[in-house]
Amino acid sequence: MPLTTGFNHIATVTPDLDRLVAFYKEAFEAEVTFEMAAQPD
């Protein structure tokens with residue numbers, strides 16, 4: 001029996017979001033399903 005059958009989200013911190021999104025699109029054929037605007041801290 002596998003330990004997992006999949007995942008439903010990924011959380012990551014990056015200084016270059018466009019590059020990270022491009023990587024997931026190219027490597028895994030992933031698509032952005034939700035995007036939230038940045039908020040000041």
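A residue is taken as buried when its relative accessible area is under 20%. On that criterion, buried residues account for 2% of the 41 residues in the protein. The model is predicted. Its accessible surface amounts to about 4,700 Å², and carbon and sulfur atoms contribute 56% of that area. Along the principal axes, the C-alpha atoms occupy a box of roughly 45 × 25 × 20 Å.

The secondary structure consists of one helix and zero strands. The UniProt record, an unreviewed entry, assigns the feature "domain: Glyoxalase/fosfomycin resistance/dioxygenase" to residues 6-35. Within residues 6-35, helix makes up 40% of the chain and strand 0%. The C-alpha atoms at the two ends of this segment are separated by 21 Å.

Aromatic contacts were examined next. Rings are paired when their centres lie within 6.5 Å, and three aromatic pairs result from this rule. For Phe23 and Tyr24, the ring centres are 5.3 Å apart and the planes meet at 75°; the pair is therefore edge-to-face, since plane angles over 60 degrees fall in that class. Ring pairs join Phe23, Tyr24 and Phe28 into a cluster.

Two members of this cluster were also assessed for accessibility. Phe23 has a relative accessibility of 44% and is therefore classed as partly exposed. Tyr24, with a relative accessible area of 24%, is likewise partly exposed, because this class covers values between the 20% limit for buried and the 50% limit for exposed residues.

Notes:
Residues are numbered from 1 along each chain as its sequence is written. This is a predicted model: local features need pLDDT of at least 70, side-chain atom pairs count only at pLDDT 80 or more; totals for chains, interfaces and linings use all residues. Side-chain values use heavy atoms; hydrogens and water are left out. Rings of Phe, Tyr and Trp (its six-membered ring) pair if their centres lie within 6.5 Å; planes under 30 degrees apart count as stacked, over 60 as edge-to-face and the rest as tilted. Buried means under 20% relative accessible area, exposed over 50%, partly exposed in between (1.4 Å probe, protein chains only). Helices (H or I, at least four residues) and strands (E, at least two) are DSSP runs, numbered from the N terminus. Accessible areas come from the Shrake-Rupley method with a 1.4 Å probe; for residues, only the protein chains shown count as cover. UniProt positions are given in the numbering used here, feature names are shortened, and annotations may be inferred rather than shown by experiment.
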